[in-house]
Amino acid sequence: MILHGYWRSGAAYRVRIALALKGIAYEQVTHDLRTDAQASDAYRALNPQGLVPALEADGDVLTQSPAILEWLEERYPSPALLPEAATDRTVVRAMAATVACDIHPLNNLRVVQALQRDFGLDAAAVQAWMARWMGDGFAALEVMIARHGRGFAFGDTPTIADCCLVPQVYSAERFAVDLTPYPQLMAAVDRARALPAFQAAHPDRQPDAG
Ligand SMILES: N[C@@H](CCC(=O)N[C@@H](CS)C(=O)NCC(=O)O)C(=O)O
């Protein structure tokens, strides 16, 4: 398997966590987002969106981290990253979607670049934008985790919700977002990121970090 990513990409970080939790060996190819390498024709031949990650696996190229997480779960069911009951699975997917569909797209590099280049936002305004959407999502997740978490975001084992949440908190910490209003969320994140699989997936531990 080959993971096309970038050390600081939150979406690639999600996939690295799931691969590590499932004990799957893989190689990494980096695409430097600082130089727009992900937009090159060569990479677009793999992922027409020009976004990381993409996972080369079983002779195919898989894109979109939520779809890749689901594929990993179906192809490598153990250890499970979704609970058994259909309703519980939906709760976990809803938590993951809160990050992947409602927070991350608003804070993505190309959005932030557009805000700066096309709409003239300065650094302080960008920081406020990031904090606003992360805060909205984290406030909802705080309630959901208080309701469903028993150590992790949902239940007492890691799920795809934790795979999405931990990278989002990494981003929040980078952008100095106040996390003190979310104690349940942070307890779940701290529990998850103490695990070796989460540590192995951390941006600073990747070969292209720096
Ligand atoms: N929904 C996509 C988002 C992918 C995405 O936006 N990746 C970012 C890095 S985290 C990226 O490649 N950004 C480059 C850009 O914005 O041009 C997924 O989850 O895979």
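# Exercises on a predicted model

**Exercise 1. Trace the pairing of strand 3.** Which strands does strand 3 join, and in what direction do they run?

*Solution.* Start with strand 1 (residues 2-5): 3 bridges join strand 1 to strand 3, and the two run antiparallel. Strands here are DSSP runs (E, at least two residues), helices are H or I runs of at least four, and both are numbered from the N terminus. Two strands pair if DSSP finds at least two bridges between them. The model is predicted: local features need pLDDT of at least 70, side-chain atom pairs count only at pLDDT 80 or more, and totals for chains, interfaces and linings use all residues. Residues are numbered from 1 along each chain as its sequence is written, and side-chain values use heavy atoms, with hydrogens and water left out.

Next, take strand 4 (residues 60-63). Strand 3 (residues 54-57) is joined to strand 4 by 4 bridges, again antiparallel. Now set the register. Glu56 stands opposite Ile2. Glu56 also stands opposite Val61 in strand 4. Ala57 faces Asp60 in strand 4.

**Exercise 2. Find the unusual backbone angles.** Which residues other than glycine take a positive phi?

*Solution.* Recall the background. Most residues other than glycine have a negative phi, and most peptide bonds are trans.

Step one: Asp58 has a positive phi of about 50°. Asp58 sits in the loop between strand 3 and strand 4. That hairpin has 2 residues between its strands.

Step two: Asp36 has phi near 65°. Asp36 lies in the loop between strand 2 (27-30) and helix 2. Asp36 is partly exposed because its relative accessible area is 38%. The classes are buried under 20%, exposed over 50%, and partly exposed in between (1.4 Å probe, protein chains only).

Step three: turn to the peptide bonds. Val52 and Pro53 are joined by a cis bond with omega about 15°. Pro53 is in the loop between helix 2 (41-46) and strand 3. The bond from Ser78 to Pro79 is also cis, with omega near -5°. Pro79 is in the loop between helix 3 and helix 4.

**Exercise 3. Describe the largest pocket.** How many residues line the largest pocket, and which are the closest to its centre?

*Solution.* Begin with volume: the largest pocket holds about 1000 Å³ of space. Its lining has 42 residues, and Leu33, His104, Asn108, Leu109 and Arg110 are the closest to the centre. On a 1 Å grid over the protein atoms alone, a pocket is an open set of points where a 1.4 Å probe fits, with protein on both sides within 12 Å along at least five of seven lines; lining residues have an atom within 4 Å of a point. Volume is the space filled by probe spheres set on the points, which are joined across faces, edges and corners.

Then sort by element. Those giving two or more residues to the lining include helix 1 (10-21), helix 3 (65-75) and helix 4 (86-107). Finally, check the domains. Domain 1 (2-79) and domain 2 (86-197) each give at least three residues to the lining. These bounds come from an automatic or database domain assignment.
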